[in-house]
Amino acid sequence: MTNEQIDLRSDTITRPVPEMRQVMANAEVGDDVFGDDPTITKLEAATAEILGKEAAVYVPSGTMANQLAVRCHTQPGDEILLDANAHIIWYEAGAPAALSGASCRVIQGTRGIFTVDQFLEALRPANIHMASTRLVALENTHNRGGGSVWPLDQLTDVCLAAREKNIVSHLDGARLWNASIATGIPESDYAKHADSVSVCFSKGLGAPVGSVLAGSSIFIDRARHFRKQFGGGMRQAGIIAAGALYALRHHRDRLKEDHDNARKLGLGLAEVPGINIDSDSVVTNLVYFDVEHMTATEMVLKLAQSGVLVIATGPSTIRAVTSLEVDSKDIDKVISKIGKIASEMNE
Ligand SMILES: *Cc1c(COP(=O)(O)O)cnc(C)c1O
């Protein structure tokens, strides 16, 4: 990547800052499969505490965190209920079926968020013809939902209604940090009634590797077994966990800058002829917009030629993500470059 490039493809592109690299280089390590890595143990305890859960386990990716939850919570033939745009359905390579033998049934939420009534309507009577609905998965913030944030009451209602129906709940909180920064509501409040929760360190927080799955001690013991089975047992991984721990301590508050930059981008794009965006929809660090008079792929290519990287997520839809790799001046440049390309197409 050249210096002139502005990379808005994802917040996963964030590279470790020098101070982070320093603590990684100096991290105390041990064999984590034996439970001997003090840095990983510290990261797991610190994350569990923030989330208000008994225990946590460090894993290489958010996908593994979610899929360990699916594996622990379901048996082959069970069914998971989740929003039609869930990351678990779109971006985890069919893992519920491949790794757990579970099927997914979708609820058509709004921006990834559904109501307790929609959840209850999706339930079916106990009947030998039907798959057992065992798990409901929620995502906060919602990736394909545009970085949307669940209203706390609504999320709590779904989790409590699920428990009443003997259905467990999993919160995919890859960007839960962003939800908390946007609303001021602590992560532990969102996680409170979910049986398990996953969080990611390698997105906006800027660590190079890793996610954590948190829940009860019994649940996490089981997750450790399946982590080994899935090939996620790591040895002196305190080297990378140290980056995550640094991110947890130093990079959560600065997510506000990313949100401010995203908002600025949303407001700027709303003024560009040929671009459709509801700037009120930008509440965290994800900006989704639609192009007219050209395809999203054409816009992506033209932008790449001018040094701005974004991704197409639909025929006319583009996603731009702010992170610690971009600043407010970059946003000005991006708005003017998109404006230029859109006006050339309008001619
Ligand atoms: C990024 C993301 C994940 C995890 O992705 P990995 O690339 O496997 O780390 C999970 N859920 C959501 C909502 C995400 O945005």
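**Backbone features and domain contacts**

In this predicted model, N166 has a relative accessibility of 59% and is classed as exposed, because the class begins over 50%. N166 is placed in the loop that runs between helix 7 and strand 6. Its backbone has a phi near 65 degrees, a positive value in a residue other than glycine. R111 is another residue other than glycine with a positive phi, in this case near 50 degrees. The loop that holds R111 connects strand 4 (103-107) with helix 6 (116-122). With a relative accessible area of 34%, R111 is partly exposed, since the value falls between the cut-offs of 20% and 50%. Most residues other than glycine have a negative phi, and most peptide bonds are trans.

A cis peptide bond is found between N140 and T141, where omega is about 0 degrees. T141 belongs to the loop between strand 5 (133-139) and helix 7 (152-164).

Helix 8 covers residues 176-183, and its buried residues are L176, W177, N178, A179 and S180. These buried residues pack against several elements, among them helix 2 (38-51), strand 6 (168-173) and helix 9 (187-191). Strand 7 (196-200), helix 11 and helix 12 (255-270) are also packed against by the buried residues of helix 8. After helix 8 comes G184, which has a positive phi, near 80 degrees.

Helix 11 spans residues 238-250 and includes H250. The relative accessibility of H250 is 47%, so H250 counts as partly exposed. H250 and L205 are separated by 45 residues in sequence, while their C-alpha atoms are 8.5 Å apart in space.

The chain is split into domain 1, residues 14-250, and domain 2, residues 254-346. Measured in terms of C-alpha atoms only as a basis for calculation, the centres of the two domains are separated by 28 Å. Contacts between the domains involve 19 residues of domain 1 and 15 residues of domain 2. The area buried between domain 1 and domain 2 is about 1500 Å², and carbon and sulfur atoms contribute 55% of it. On the domain 1 side, T14, N178 and I181 lose the most area to domain 2, and together they make up 27% of what that side buries.

Between domain 1 and domain 2 the count is 1 salt bridge. A salt bridge joins the side chains of R15 and E325, with an N to O distance of 2.6 Å. The side of domain 1 that touches domain 2 consists of 5 nonpolar, 10 polar and 4 charged residues. Across this interface, 6 residue pairs are in polar contact.

S323 is located in the loop between strand 13 (317-321) and helix 14 (328-346). Its relative accessibility is 0%, so S323 counts as buried. Leaving aside residues up to four places away in sequence, S323 touches D11, I13, T14, R254 and D258. T14 is thus listed here as a contact of S323, and T14 is also one of the residues of domain 1 that lose the most area to domain 2.

Conventions: Residues are numbered from 1 along each chain as its sequence is written. This is a predicted model: local features need pLDDT of at least 70, side-chain atom pairs count only at pLDDT 80 or more; totals for chains, interfaces and linings use all residues. Side-chain values use heavy atoms; hydrogens and water are left out. Domain bounds come from an automatic or database domain assignment. Contact means heavy atoms within 4.5 Å. Buried area is the accessible area (1.4 Å probe) that two parts lose on being put together, summed over both. A salt bridge is a side-chain nitrogen of Lys or Arg within 4 Å of a carboxyl oxygen of Asp or Glu. A polar contact is a pair of N or O atoms within 3.5 Å; within protein, one must be able to donate a hydrogen and the other to accept it, and residues adjacent in sequence count only if both atoms are side-chain atoms. Ala, Val, Leu, Ile, Met, Phe, Trp, Tyr, Cys and Pro count as nonpolar, Asp, Glu, Lys and Arg as charged, and the others, Gly among them, as polar. Helices (H or I, at least four residues) and strands (E, at least two) are DSSP runs, numbered from the N terminus. Buried means under 20% relative accessible area, exposed over 50%, partly exposed in between (1.4 Å probe, protein chains only).
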